[in-house]
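Here is an easygoing walk through a structure that may be new to you. Keep the sequence and the 3D view open while you read.

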Amino acid sequence: MRCYQIQIPLARARGLGSARSGASQWWAQRVTAIALVPLTIWFVVSIVPLMAAGHQAFLDWRGSRINVVLLTLFVPMLFYHMALGLQVIAEDYLRRESTKITAKISIQLACLTLTIASIVAILR
Amino acid sequence: MTHSHRPTSPALQIYRPQLTSVLSITHRLTGVALSVGSLMIVAWLVAGAIGPSAYDGVLVFVRSWFGLVLLAGWTFAIFFHLCNGIRHLFWDTGRGFALRTIYASGWAVVAVSTALTIGCWAAAIFLAWGVE
């Protein structure tokens, strides 16, 4: 296809393909964002005293059931939100299709791995 | 790709920076910075699961000057992304698009995220003081 090919906008849009699953990603980004508002505030409030303390303080903090529940909520929300955000950036700034696809696969696999590593660490 | 030679948008060389555009790109940049910071969270959680010596290793890094600079950056990034993210969620309801409102909410994000960063570090320094 050439730049100067004459097409009506609809035909051109059809040629480019519809968004299809795009809306669900947009939606998921909002849902994770809403969940992360309280979870991030909780996380920052939790982590500040821990940075000034040692390993025992960490174990005590992680020993609380409510903290385990909130952490296992926080981590997947964080990495799901992060994967969606980084994917949008890759889609916007990477020009070559092969680079774009490689970046998206790497982002998804990295975020999944980080989620699982964190949850295993939390539940230990 | 259909059009590989078309210019990318926006053409940053001819754009005058405005609060709106600066905050928009800062939202992305803080998102990327926080993505890097998430690696630190995972390292911290994993070290905590491994044991005291691994955990102390993370703390030594965090409390080094390099670690503190990173932490300061992530603190601002987290509060900025949080505040501007709430601004985005408001926009998703179709509200707050008048030019004056956009600028007011933009400056509010700058002020609140700066205040929260300073407040957070004041609390951290106060707590660290109590330990020593």
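## Two helical chains

Reading along the sequence, the pattern of chain A is α-α-α-α-α. That comes to five helices and zero strands, where helices (H or I, at least four residues) and strands (E, at least two) are DSSP runs, numbered from the N terminus. Chain B runs α-α-α-α from its N terminus on, with four helices and zero strands.

A quick word on ground rules: this is a predicted model, in which local features need pLDDT of at least 70 and side-chain atom pairs count only at pLDDT 80 or more, while totals for chains, interfaces and linings use all residues. Residues are numbered from 1 along each chain as its sequence is written, and chains are lettered from A and ligands numbered from 1 in the order in which they are written.

Here is how the two chains look by the numbers. Buried means that 20 or more other C-beta atoms lie within 10 Å of a residue's own; exposed means 12 or fewer, and partly exposed is in between, with C-beta atoms placed from the backbone. Two residues are in contact if their C-beta atoms, also placed from the backbone, lie within 7 Å.

| Chain | Residues | Buried | Share of contacts (separation of 6 or more) made by residues 24 or more positions apart |
|---|---|---|---|
| Chain A | 124 residues | 16% | 69% |
| Chain B | 132 residues | 20% | 69% |

## A helix pair in chain A

Start with helix H4 of chain A, residues 65-93. Its 29 residues should span 42 Å at 1.5 Å a residue, and its end C-alpha atoms are indeed 42 Å apart; the expected span is 1.5 Å times one less than the number of residues. Among the buried residues of H4(A) are A:Leu71, A:Phe74, A:Val75, A:Leu78, A:Phe79 and A:His81.

What is the crossing angle between H4(A) and helix H5 (residues 97-123) of chain A? Their axes cross at roughly 170 degrees and come within 9 Å. Axes here are lines fitted to C-alpha atoms, for helices over the stretch in contact, and angles run from 0 to 180 degrees between N-to-C directions. H4(A) and H5(A) are therefore roughly antiparallel to each other, a label for angles over 145 degrees (under 35 is roughly parallel, 65 to 115 roughly perpendicular, and the rest oblique). On the H4(A) side, the contact includes A:Val68, A:Leu71, A:Thr72 and A:Val75, and on the H5(A) side it includes A:Lys100, A:Ala103, A:Lys104 and A:Ile107. Sorted by class, this contact has 15 nonpolar, five polar and three charged residues. Ala, Val, Leu, Ile, Met, Phe, Trp, Tyr, Cys and Pro count as nonpolar, Asp, Glu, Lys and Arg as charged, and the others, Gly among them, as polar.

## Where the chains meet

Now for the place where A and B touch: 29 residues of chain A are in contact with 30 residues of chain B. Helices H2 (22-51), H3 (55-63), H4 and H5 of chain A each supply at least two residues of the side that touches chain B. H2(A) gives the most to that side, with nine residues. By class, the chain A side has 21 nonpolar, four polar and four charged residues.

## Around B:His81

Over in chain B, helix H1 (residues 19-50) has 32 residues and reaches 45 Å from its first C-alpha to its last, close to the 46 Å expected at 1.5 Å a residue. After H1(B) comes B:Gly51, whose phi is positive, near 155 degrees.

Two residues of this helix make a nice pair. B:Val22 is in helix H1 of chain B and is exposed, with 12 other C-beta atoms within 10 Å. B:Thr26 sits in helix H1 of chain B as well, but it counts as partly exposed, with 19 C-beta neighbours inside 10 Å. B:Thr26 and B:Ala77 are 51 residues apart in sequence, yet 8.8 Å apart in space, C-alpha to C-alpha.

Is B:His81 buried or exposed? B:His81 is buried, with 25 other C-beta atoms within 10 Å. It lies in helix H3 (residues 65-92) of chain B. Leaving aside neighbours within four places in sequence, B:His81 is in contact with B:His27, B:Thr30, B:Gly31 and B:Leu34. Of these, B:Thr30, B:Gly31 and B:Leu34 are among the buried residues of H1(B).

UniProt, in an unreviewed entry, places a "binding site" at B:His81. UniProt positions follow the numbering used here, feature names are shortened, and annotations may be inferred rather than shown by experiment.
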